[in-house]
Amino acid sequence: MSRSWSPRPRRRYVAPPRSLWRRLVDYGLTVIILGLLILLAARLDRVETRKTQGVAIINDGDSITLGAERIRMRGIDAPEYTQTCRRNGADYPCGTLARQSLVRLIAGKPVSCTGWQRDRYGRLLGDCTAGGKDLNRAQVEAGWAVAYGDFENEEATARAGKTGIWAGTFDQPQDWRDSHHGEVVERKHGTLASIGDAAREIFRFW
């Protein structure tokens, strides 16, 4: 006698229906996420490189004005205009000399600055050139600015050669500002700060 065998039909798992509340929550989250993505895409075009050029008004060793645009030179920090340093046992006006160094580097030539970030005071953080010369880098190489998120190799060379402020002793510009409460205090624009600035630049248009 032969016995026929047939497999049992497999029972399909059917998920219980979602409650109305759960579906509303899911739909709401989907709409919120899509809305944020659309808004972000719409605002990204506002974060763009800005370029300004013209005759510079030199404020101090790391900031200039081009027309109506105030510019803080990115990646460097020069002594404040009223700051003093010490050399050969005597104080000297290193802030004034840092400004004079930038004046010599520009030498009356038109200045061009590009950047996309702004500091907390609304100044454009710019990479500036004059006559084909990188002014940010040149100020550090000349010893009249310290590396402030960039140009560490140039600073090391200036320090080894005892150039500019490295010929004596000085307070770091940031420390000097912190101890002189009437002065502008700025944050260092390294990698993490740049990420924060980028996010702030996007969201300030919202």
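Trainee: How many residues does helix H2 (residues 94–106) have, and what span does helix H2 reach from its first C-alpha to its last?

Mentor: This is a predicted model. At 1.5 Å a residue, 18 Å is expected for helix H2. The reach computed from first C-alpha to last is close to that expected value. Helix H2 has 13 residues and spans 18 Å.

Trainee: Which residues of H2 are buried?

Mentor: Buried means under 20% relative accessible area. The residues of H2 that count as buried are Cys94, Gly95, Ala98, Ser101, Leu102, Leu105 and Ile106.

Trainee: What arc do they cover around the axis?

Mentor: The buried residues of H2 include Ala98, Leu102 and Leu105. The arc of the buried set puts them on the same side of H2. That arc is only 130 degrees.

Trainee: Which residue just after H2 takes a positive phi?

Mentor: Helix H2 covers residues 94–106. Just after H2, phi turns positive, at about 50 degrees. The residue is alanine 107.

Trainee: How many helices and strands does the protein have?

Mentor: H2 is one of the helices, at residues 94–106. H4 is another, at residues 152–160. The full count is six helices and eleven strands.

Trainee: What share of the contacts with a separation of 6 or more joins residues 24 or more positions apart?

Mentor: The protein has 206 residues, and 37% of them are buried. For contacts with a separation of 6 or more, the share from residues 24 or more positions apart is 59%.

Trainee: Which parts does the salt bridge of arginine 177 and aspartate 77 tie together?

Mentor: The two side chains meet at 3.0 Å, N to O. Both arginine 177 and aspartate 77 are buried. The two residues are 100 apart in sequence, so the bridge ties together helix H5 (residues 173–179) and strand E5 (residues 76–77).

Trainee: Is aspartate 91 buried or exposed?

Mentor: Aspartate 91 meets arginine 86 in a salt bridge of 2.7 Å, N to O. Arginine 86 has 38% relative accessibility, so arginine 86 counts as partly exposed. Aspartate 91 has 52%, and the cut-off for exposed is over 50%. Aspartate 91 is therefore exposed.

Trainee: How many residues apart are arginine 159 and glutamate 155?

Mentor: The closest N and O atoms of their salt bridge are 2.5 Å apart. Arginine 159 is partly exposed at 40% relative accessibility, while glutamate 155 is buried at 12%. Both lie in helix H4, about one turn of the helix from each other. In sequence, the separation is four residues.

Trainee: Where is asparagine 153, and what separates its C-alpha atom from that of glutamate 141?

Mentor: Asparagine 153 has its place in helix H4. Asparagine 153 is exposed, because its relative accessible area is 62%. Asparagine 153 and glutamate 141 are twelve residues apart along the chain. Their C-alpha atoms are separated by 9.0 Å.

Trainee: What is the area of the nonpolar surface patch that includes Ile32?

Mentor: Isoleucine 32 is found in helix H1 (residues 20–44). Isoleucine 32 is exposed, with a relative accessible area of 51%. Its partners in the patch are Leu20, Trp21, Leu24, Val25, Tyr27, Leu29 and Leu36. The patch comes to about 870 Å².

Trainee: What percentage of the accessible surface of the protein belongs to carbon and sulfur atoms?

Mentor: The accessible surface comes to about 13,000 Å². The part that belongs to carbon and sulfur atoms is 56%.

Conventions:
Residues numbered from 1 in each chain as written. Predicted model: local features only at pLDDT ≥ 70, side-chain atom pairs only at ≥ 80, totals over all residues. Heavy atoms only, no water. Buried < 20%, exposed > 50% of the residue type's maximum accessible area, 1.4 Å probe, protein only. Contact = heavy atoms within 4.5 Å. Areas by Shrake-Rupley, 256 points an atom, 1.4 Å probe, with all protein chains shown as cover. Patch = residues over 30% accessible without salt bridge, like charges linked within 9 Å, V, L, I, M, F, W, Y side chains within 5 Å. Salt bridge = Lys/Arg side-chain N within 4 Å of Asp/Glu carboxyl O. Expected span 1.5 Å × (residues − 1). Arc of directions from axis to C-beta.
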